[in-house]
Amino acid sequence: MRGIVKTFPGARALDGVDLEVRCGEVHCLLGQNGAGKSTLIKVLAGAHQPDEGTVLVDGEPVVLARPTDALRHGIATMYQELDVVDGLTVAENVYLGHELATAGFTQRRVAARRTRELMARLGHPEIRPRTEVGALSAAGKQIVSMARALSHDARVIVMDEPTAVLDSEEVENLFRVVAELTAAGIAVVYISHRLEEIRRVGDRLTVLKDGRTVATGLPVASTERAELIRLMTGRAVEYAIPRRPAPAAAAPVVLDVEGLELAGSFRDVSFTVRAGRSWASRAWSAPDARRSSSPCSAPGARRPGRFAWAAARCAPARWPVRSPRASGCAPRSARARA
Ligand SMILES: Nc1ncnc2c1ncn2[C@@H]1O[C@H](COP(=O)(O)OP(=O)(O)OP(=O)(O)O)[C@@H](O)[C@H]1O
């Protein structure tokens, strides 16, 4: 992609972006919110038309006027907001928009067989072709979306925040699939905000800021984290994440949680938070600490600090949560702090 410009009313989303992706690499696309990543991949997917710039496939300029053009050139996109149809079966979703040429019953049988093969390749043979997609978890729907990308014989697969809906085991499976795809020469454009993940999975990276390419083709392995933050924010790391003065060791406890449990979601979570401290959760990395479908998993509740309070408000049976008042702090300021 060369010199891509895209303007919306009131926003110049892309202001001359360059991106070069090679066969068999994982090319990570980084940038803060609003940097232009989604707009760029929508141009690549044929969903947006650029105002200026060129897209080249194998060195030849192509026009991606609609999503089917992108697919024809082997570019498939898995969007963050899962684009599967709940009321259709897995096989119908995989072949949606490019139904097999054979008719009726034969078509359904062939689609089912190929879908089974794709699911086995993706490490999920338990996802049956005739299952209705609405019955699958978010992670299952993502696998269907990936199977659809593979069914197009894609040469470039764009993954927009693919791990956002996955737990740690499913993330490992995704990384395995990505390694298999790249070993077969398929290029993956990988968008993520998680720098550790990029470090694990990526080969090269491109950083966008305010609709411009600020770095492209950097090797992931030798690019320091601090450099990435500087490129994304335009500021050195000490300014992007200012140092906080260390809290006094004897600072009062504002929140004290012991043996927190929500059946099927997490167990035995204990922590205390002292005034002036931030608290980083380890709960979500515990083997059995999975995302909950309870009200505790409401947006924001996954953020560790708020999680503590959101969980406290859900109040299941076994929660010896000691109130800030008991530890001698004014509840109001404690709540504000948390
Ligand atoms: N359809 C639209 N109409 C108007 N402005 C838009 C539209 N789509 C994107 N923008 C604007 O373009 C800029 C780039 O947005 P974009 O969604 O591409 O960023 P992003 O890097 O993907 O951010 P995020 O990580 O939050 O998804 C933002 O200022 C956004 O508000």
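The exercises below work through the ligand shell, one helix and the sheets of the structure above.

The structure is a predicted model, in which local features need pLDDT of at least 70 and side-chain atom pairs count only at pLDDT 80 or more, while totals for chains, interfaces and linings use all residues. Residues are numbered from 1 along each chain as its sequence is written.

**Exercise 1.** List the residues that surround the ligand, and find which element supplies the largest share of this shell.

*Solution.* Start with the criterion, by which a residue is near a molecule or strand if its C-beta atom, placed from the backbone, lies within 6 Å of it. The residues around the ligand are Phe8, Ala11, Ala13, Gly31, Asn33, Gly34, Ala35, Gly36, Lys37, Ser38 and Thr39. Next, sort them by class, where Ala, Val, Leu, Ile, Met, Phe, Trp, Tyr, Cys and Pro count as nonpolar, Asp, Glu, Lys and Arg as charged, and the others, Gly among them, as polar; the shell then has 4 nonpolar, 6 polar and 1 charged residues. Finally, turn to the elements, for which helices (H or I, at least four residues) and strands (E, at least two) are DSSP runs, numbered from the N terminus. Both β2 (11-17) and α1 (37-44) supply at least two residues of the shell, and the largest share, 3 residues, comes from α1.

**Exercise 2.** Decide how enclosed helix α1 is, and contrast the result with Glu180.

*Solution.* A residue is buried if 20 or more other C-beta atoms lie within 10 Å of its own, exposed if 12 or fewer, and partly exposed in between, with C-beta atoms placed from the backbone. In α1, the buried residues are Lys37, Ser38, Thr39, Leu40, Ile41, Lys42, Val43 and Leu44. Because 8 of the 8 residues of α1 are buried, this helix is largely enclosed by the rest of the structure. After α1 comes Gly46, which has a positive phi, near 80°. Glu180, by contrast, lies in helix α6 (residues 168-183) and is partly exposed, with 13 other C-beta atoms within 10 Å.

**Exercise 3.** Work out the strand order of the open sheet of 6 strands, and say how α1 is placed against its strands.

*Solution.* Two strands pair if DSSP finds at least two bridges between them. The order of this open sheet is β6-β7-β8-β3-β9-β10, and its pairing is mixed. At the edges stand β6 (75-78) and β10 (212-219), each with a single partner strand, so one side of each is left without a neighbour in the sheet. Neighbouring strands are turned by 15° against each other on average, direction ignored; for such angles, axes are lines fitted to C-alpha atoms, for helices over the stretch in contact, and angles run from 0 to 180 degrees between N-to-C directions. Strand β6 pairs with strand β7 (residues 156-160) in the parallel sense over 4 bridges, and Ile157 in β7 is the bridge partner of Ala76. Helix α1 lies across β3 (26-30), β6, β7, β8 (187-191) and β9 (204-209), and runs at about 150° to β7, where two residues are in contact if their C-beta atoms, placed from the backbone, lie within 7 Å.

**Exercise 4.** Describe how β11 and β12 are joined.

*Solution.* Strand β11 (residues 253-262) pairs with strand β12 (residues 266-274) in the antiparallel sense over 6 bridges. Leu255 stands opposite Val273 in β12. The two strands, β11 and β12, form a hairpin with 3 residues between them, and Gly264 in the turn has a positive phi of about 85°.
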